[in-house]
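Please open the structure in your viewer and keep the sequence panel visible beside it. The tour proceeds by selection: each stop names what to select and then describes what is found there.

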Amino acid sequence: MRIRVAIVCLLGPFLAQCTGAGPSLSGFSSFSSLGGLFGGDNGGAPAERVSTKTGDAKSAAAIVSQYRTANGLSPVVVDPTLNRAAEVQARAVAQAGSLSHGEFASRMASFGINGVSAENLVAGSRTVDQAMARWKASPGHNRNLLMPEARRIGIAYASSPGAGYEHYWALVLAQ
């Protein structure tokens, strides 16, 4: 099985990217808890002040599919399970006030997501279009968007008014 972990620092505190397949990435815990590098302690929001939504999933799938097909790859479709996985992570980073993938592989396994998968996170973007543009501009995140194995996506937005970066997105791609 293949495990690939990368942390991308191109846009500093606003982006985090993770890819993986197979067993837990717990051996890479130093990569999954880089809050100081990816946003630091920006005062996350208490759970009751965080709201989430997955309503941009169709739009995101259209954007990702158009981008992938322009690069000779297959389109993607929205997957409700991946939306739930993205929603859990978007809420977690909004509550923390910083970007971290945590235990990415075990989280994917808990949702029954096996095989090759990847996750992109971004903070501070108000719209799905802004989030996508930032991911395309970042080499590691762009690599995830163009991951040949990807066939399904899930995306979620979390809002934490007055706390941290206020706007958080999580995108999960999988076979």
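Which residues of α3 are buried? Before answering, please note that this is a predicted model.

**First stop: helix α3**

Select residues 80-96, which form helix α3. The buried residues of this helix are L82, N83, A85, A86, Q89, A90, V93 and A94. Colour these residues and look down the axis of α3: they fall within an arc of 165°, so they line one face of the helix. Next, display the elements against which the buried residues of α3 pack: the helices α2 (57-70) and α4 (104-110), together with the strands β3 (77-78), β4 (117-123), β5 (152-159) and β6 (167-174).

Now consider the length of the helix. Its 17 residues reach 24 Å from the first C-alpha to the last, close to the 24 Å expected at 1.5 Å a residue.

What is found at the two ends of α3? At the N-terminal end, select D79 and T81: D79 caps the helix, with a side-chain oxygen 2.8 Å from the backbone nitrogen of T81. After the helix, select G97, which follows α3 and has a positive phi, near 80°.

**Second stop: strand β4**

Select β4, one of the elements that the buried residues of α3 pack against. Of its 7 residues, 7 are buried, so the strand is largely enclosed by the rest of the structure. Rotate the view to inspect both faces, each of which is covered. On one side are S117, E119, L121 and A123; on the other are A118, N120 and V122.

Add β6 to the selection. The two strands β4 and β6 run antiparallel and are joined by 7 bridges. Within this pairing, L121 stands opposite A170 in β6.

**Third stop: Y157 and its surroundings**

Select Y157, which lies in strand β5. Is this residue buried or exposed? Y157 is buried, because its relative accessible area is 10%, and buried means under 20%.

Show the side chain of H167 as well: the side chain of Y157 makes a polar contact with it, at 2.5 Å. Then select A86 of the helix visited earlier. The C-alpha atoms of Y157 and A86 are separated by 8.3 Å, although the two residues are 71 residues apart along the chain.

Finally, select W169. Y157 and W169 form a tilted aromatic pair, with 4.8 Å from centre to centre and 50° between the planes. Because Y157 lies in strand β5 and W169 in strand β6, the pair ties together parts that are 12 residues apart in sequence. Both Y157 and W169 are buried.

Definitions and conventions
Residues are numbered from 1 along each chain as its sequence is written. This is a predicted model: local features need pLDDT of at least 70, side-chain atom pairs count only at pLDDT 80 or more; totals for chains, interfaces and linings use all residues. Side-chain values use heavy atoms; hydrogens and water are left out. Helices (H or I, at least four residues) and strands (E, at least two) are DSSP runs, numbered from the N terminus. The expected span of a helix is 1.5 Å times one less than its number of residues. Buried means under 20% relative accessible area, exposed over 50%, partly exposed in between (1.4 Å probe, protein chains only). The arc is that of the directions from the helix axis to the C-beta atoms. Contact means heavy atoms within 4.5 Å. A polar contact is a pair of N or O atoms within 3.5 Å; within protein, one must be able to donate a hydrogen and the other to accept it, and residues adjacent in sequence count only if both atoms are side-chain atoms. Two strands pair if DSSP finds at least two bridges between them. Rings of Phe, Tyr and Trp (its six-membered ring) pair if their centres lie within 6.5 Å; planes under 30 degrees apart count as stacked, over 60 as edge-to-face and the rest as tilted.
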